[in-house]
Amino acid sequence: MRGRVYSVRVVLLGPPGSGKGTQAARISARHGVPAISTGRLLDTEIAAGSPLGRRAESFVRAGELVPDDLVLDLVADRLYGATASAVVDHVPATARASHDAAVGASSVARGGSGGGASSTGTLTAPPATPTADVCQGFLLDGFPRTLAQAEAFDARFACAGCALDVVLDLDVDEDTVLERISHRSRSEARLDDDAETARRRLKVFAEQTAPLRAYYAASGLLRTVDGSGSPDEVAARLEAVLAEVAGR
Ligand code: AMP
């Protein structure tokens with residue numbers, strides 16, 4: 001029996017190798033929402049040799065994080081069909097100020113999008129609206145990965161119609177994660193799955209992404225889920241949380 005299916009706006013948190021991709025595909029199929037993986041979006045840009053892909057490639061190969069402004073533009077494009085600075089120009093001035101504090105002057109440095117809102121936050125152009133396929137919900141796999149990305153998401157994108165319902169944190173111990181990554185490197189051709197890069201990615205997660213747990217716990221969105229066991233077992237735990245979130 002399939003049971004009820006809920007429309008959801010979800011972030012999947014959890015270290016590399018915690019099973020985010022596998023679970024994202026399942027949640028996407030079950031709830032009919034797109035799974036948006038910034039890792040995959042970056043791979044596509046790199047394979048296409050786009051300017052963004054060329055800037056991102058060395059970071060991905062080294063297991064380092066790609067700069068926030070590139071990733072925010074990718075996500076803005078996927079959610080709104082606009083650059084991140086175009087989205088932020090359509091949200092209230094107070095939220096913009098919070099965003100600007102989060103990511104520094106990067107949108108200014110790129111030249112912004114050329115107006116749209118007055119200094120009081122009054123819209124002078126149509127607000128950015130989520131693209132059709134994310135209106136019923138979406139699942140973000142691998143984004144946000146830094147505090148600046150999370151804060152920019154809240155300040156720019158959540159205000160423009162994409163507020164999150166829940167952040168699912170897959171809790172898996174380091175030995176299991178390394179074993180899963182090593183298995184994956186034998187079966188998939190990824191740019192970044194050799195043992196040394198895998199360790200680097202885990203360190204980057206601990207330093208730059210793990211602090212998001214406290215950030216989302218503070219806003220009441222964080223739900224930590226045991227990520228050990230079979231994909232079916234983990235999926236059942238995640239579904240139980242999603243049902244609970246939908247029912248509250
Ligand atoms: P993933 O497939 O999610 O493990 O991502 C693969 C690689 O893409 C990461 O190791 C980073 O180099 C890059 N990447 C993916 N998502 C992000 C993000 N949100 N911020 C910065 N870099 C990212």
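This passage walks through the overall fold, the nonpolar core and the ligand surroundings of a predicted model.

Starting with the big picture, the chain runs to 248 residues, and 40% of them count as buried. Its secondary structure consists of 12 helices and five strands. Contacts reach well along the sequence: take the pairs at least 6 residues apart, and 78% of these contacts turn out to join residues at least 24 apart.

Next comes the inside of the chain. The largest nonpolar core holds 51 residues, and the ones touching the most other members are V10, L12, A76, L139, L140 and L168. Helix α4, spanning residues 68-80, supplies the largest share of this core, with eight residues. V10 gives a feel for how these contacts look up close. Leaving aside residues up to four places away in sequence, V10 touches I27, L139, L140, D165, V166 and L168. Three of those partners, L139, L140 and L168, are themselves on the list of core residues that touch the most other members.

That leaves the ligand. Around it sit 19 residues, with T38, G39, L65, G142 and R145 coming nearest. Two elements give two or more residues to this shell, namely α2 (38-48) and α3 (51-62). Of the elements, α2 gives the most, at three residues. As for chemical character, the shell is a mix: nine of its residues are nonpolar, six are polar and four are charged.

Conventions. Residues are numbered from 1 along each chain as its sequence is written. This is a predicted model: local features need pLDDT of at least 70, side-chain atom pairs count only at pLDDT 80 or more; totals for chains, interfaces and linings use all residues. A residue is near a molecule or strand if its C-beta atom, placed from the backbone, lies within 6 Å of it. Helices (H or I, at least four residues) and strands (E, at least two) are DSSP runs, numbered from the N terminus. Ala, Val, Leu, Ile, Met, Phe, Trp, Tyr, Cys and Pro count as nonpolar, Asp, Glu, Lys and Arg as charged, and the others, Gly among them, as polar. A nonpolar core is a set of buried Ala, Val, Leu, Ile, Met, Phe, Trp, Tyr and Cys residues joined through C-beta atoms within 7 Å. A residue is buried if 20 or more other C-beta atoms lie within 10 Å of its own, exposed if 12 or fewer, and partly exposed in between; C-beta atoms are placed from the backbone. Two residues are in contact if their C-beta atoms, placed from the backbone, lie within 7 Å.
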